[in-house]
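Please open the model in your viewer and keep the sequence panel beside it, since this tour moves from one selection to the next and describes what is found at each stop.

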Amino acid sequence: MFVFRAAVLASVLAHLERLETQVSKSRKKLEEPQNAQALEARIHELKRLRDKLRAEVKQRQARVKASTANVEPDQILEISEQEILERKQENMKAILQAYRFTGISGKLTSRGVCVCISTAFEGNLLDSYFVDLVMEKPLWIHHHSVPVFIPLEEISAKYLQTNTRHFLFVLWEYLNAYSGRKYQADRLQSDFAAFLVGPLQRNSLCNLLSFTYKVKPEGQSFPFCARLLYKDLTTTLPTDVTVTSQGTEALPSTWEEQRAAHENLFFTKPLHQVFTSFAKKGEKLDMSLVS
């Protein structure tokens, strides 16, 4: 409203100045003294009105400046931050609603939201982890149960402040893949221990496994040594597989074919599925799994 009134006043002042110029030019052309005197009086009246309008404009400008100065910048910033946090809470609700079928759930807390990440492999529910997020600026993690070997700090630095939805999804990928690898290693030790020659060796992330095995649990069977490496920590199948023979003797051609087939199986099938094949076929590898 003030901007509109100021524009009107400015227009009036400009119009008065044009009238003053026109009167000045007309006065030179007039020959009668009485006309000149009347115009001179008119000029003085217009100047008085102009000065009054200018004073009014200055007073209004001063009042607007004073009213703006009464609002502290911190108050404006505080209101803005509060609105941002409220939007983040609404966004978090939408994220949890969208992910409710993927293993990510949560509930609102007095500080923000506590997110629960449930993991599963082949339809088997495995471990669950929680992340307690505080809805402040910046968003930060108050508590969590994520294992120390999961790169939570790195994931948070990349995505937590800019894309909370992607942060939760990436964290779920890491945790779900870890649980899947651990599940396979546990199954190998518990269900197929008769095939192992010695203990299964694995690290905390279960992304490096090494073991010696035979394809026939009883009787004489040529042992193989396997090394499985999972470079991509968001996958449950290895990226590098090495299967070698134990000892220095050269393998017969049939055993070499079997070794190569084992490598392909470890690349494409979970561990317990591979050893299930060994259990069903004995020394004869189920070649249908290789194709």
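How many disulfides does the structure hold? The answer is zero, and it should be kept in mind throughout that this is a predicted model. To look into this, select Cys 116, which is in no disulfide and whose nearest cysteine sulfur, that of Cys 114, is 7.5 Å away. A disulfide is a covalent bond between the sulfur atoms of two cysteines. For this assignment the two sulfur atoms would have to be within 2.5 Å. While Cys 116 is selected, note that it counts as partly exposed, at 27% relative accessibility.

**The whole chain**

Now display the entire protein as a cartoon, in which seven helices and eight strands can be followed. Of its 291 residues, buried ones make up 34%. If contacts with a separation of 6 or more are taken, 46% of them are between residues 24 or more positions apart.

**The four-stranded sheet**

Select residues 104-108, which are strand 1, and residues 140-144, which are strand 4; these are the edge strands, and each of them pairs on one side only. With strand 2 and strand 3 added to the selection, the four strands appear as an open sheet in the order 1-2-3-4, with antiparallel pairing. Direction ignored, neighbouring strands of this sheet are turned against each other by 30 degrees on average.

Next, narrow the selection to strand 1 and strand 2, the latter being residues 112-121, where five bridges join the two antiparallel strands. Within this pair, Gly 106 has Val 115 of strand 2 as its bridge partner, and Ile 104 stands opposite Ile 117. The two strands form a hairpin, with three residues between them.

Moving on to strand 3, residues 124-134, you will find that nine bridges join it to strand 2 and that these two strands also run antiparallel. One pair to display here is Ala 120 with its bridge partner in strand 3, Leu 125. Strand 2 and strand 3 form a hairpin as well, with two residues between them.

**Two backbone details beside the sheet**

Select Glu 122, in the loop between strand 2 and strand 3. Its phi is near 50 degrees, a positive value in a residue other than glycine, and at 42% relative accessibility Glu 122 counts as partly exposed.

Then go to the loop between strand 3 and strand 4, where Pro 138 has its place, and show the backbone atoms there: the peptide bond from Lys 137 to Pro 138 is cis, with omega near 5 degrees.

**The helices by the sheet**

Which element lies across strand 1, strand 2, strand 3 and strand 4? Select residues 164-191 to see that this is helix 5, running at about 35 degrees to strand 2.

Add helix 4, residues 152-159, and show the side chains of Leu 152, Ile 155 and Ser 156, which are buried. Looking down the axis of helix 4, you will see these buried residues fall within an arc of 100 degrees, so they line one face of the helix. The buried residues of helix 4 pack against strand 4 and helix 5, whereas Glu 153 and Ala 157, on the other side of helix 4, are exposed.

**A second cysteine**

Select Cys 206, found in the loop between strand 5 and strand 6, the latter being residues 208-213. Although Cys 206 is not a glycine, it has a positive phi of about 55 degrees; its relative accessible area is 3%, and it is therefore buried.

**The aromatic rings**

For the final stop, show the aromatic side chains, among which the count comes to 16 aromatic pairs. Begin with Phe 195 and Phe 275, whose ring centres are 5.8 Å apart and whose planes stand at 70 degrees, so the pair is edge-to-face. Because Phe 195 lies in the loop between helix 5 and strand 5 (201-202) and Phe 275 in helix 7 (residues 271-281), the pair ties together parts that are 80 residues apart in sequence. Both Phe 195 and Phe 275 are buried.

Finally, extend the selection to Phe 192, Phe 211, Tyr 213, Phe 224, Trp 255, Phe 266 and Phe 278, which ring pairs link with Phe 195 and Phe 275 into a cluster.

Definitions and conventions:
Residues are numbered from 1 along each chain as its sequence is written. Side-chain values use heavy atoms; hydrogens and water are left out. Two strands pair if DSSP finds at least two bridges between them. Axes are lines fitted to C-alpha atoms, for helices over the stretch in contact, and angles run from 0 to 180 degrees between N-to-C directions. Contact means heavy atoms within 4.5 Å. Buried means under 20% relative accessible area, exposed over 50%, partly exposed in between (1.4 Å probe, protein chains only). The arc is that of the directions from the helix axis to the C-beta atoms. Rings of Phe, Tyr and Trp (its six-membered ring) pair if their centres lie within 6.5 Å; planes under 30 degrees apart count as stacked, over 60 as edge-to-face and the rest as tilted.
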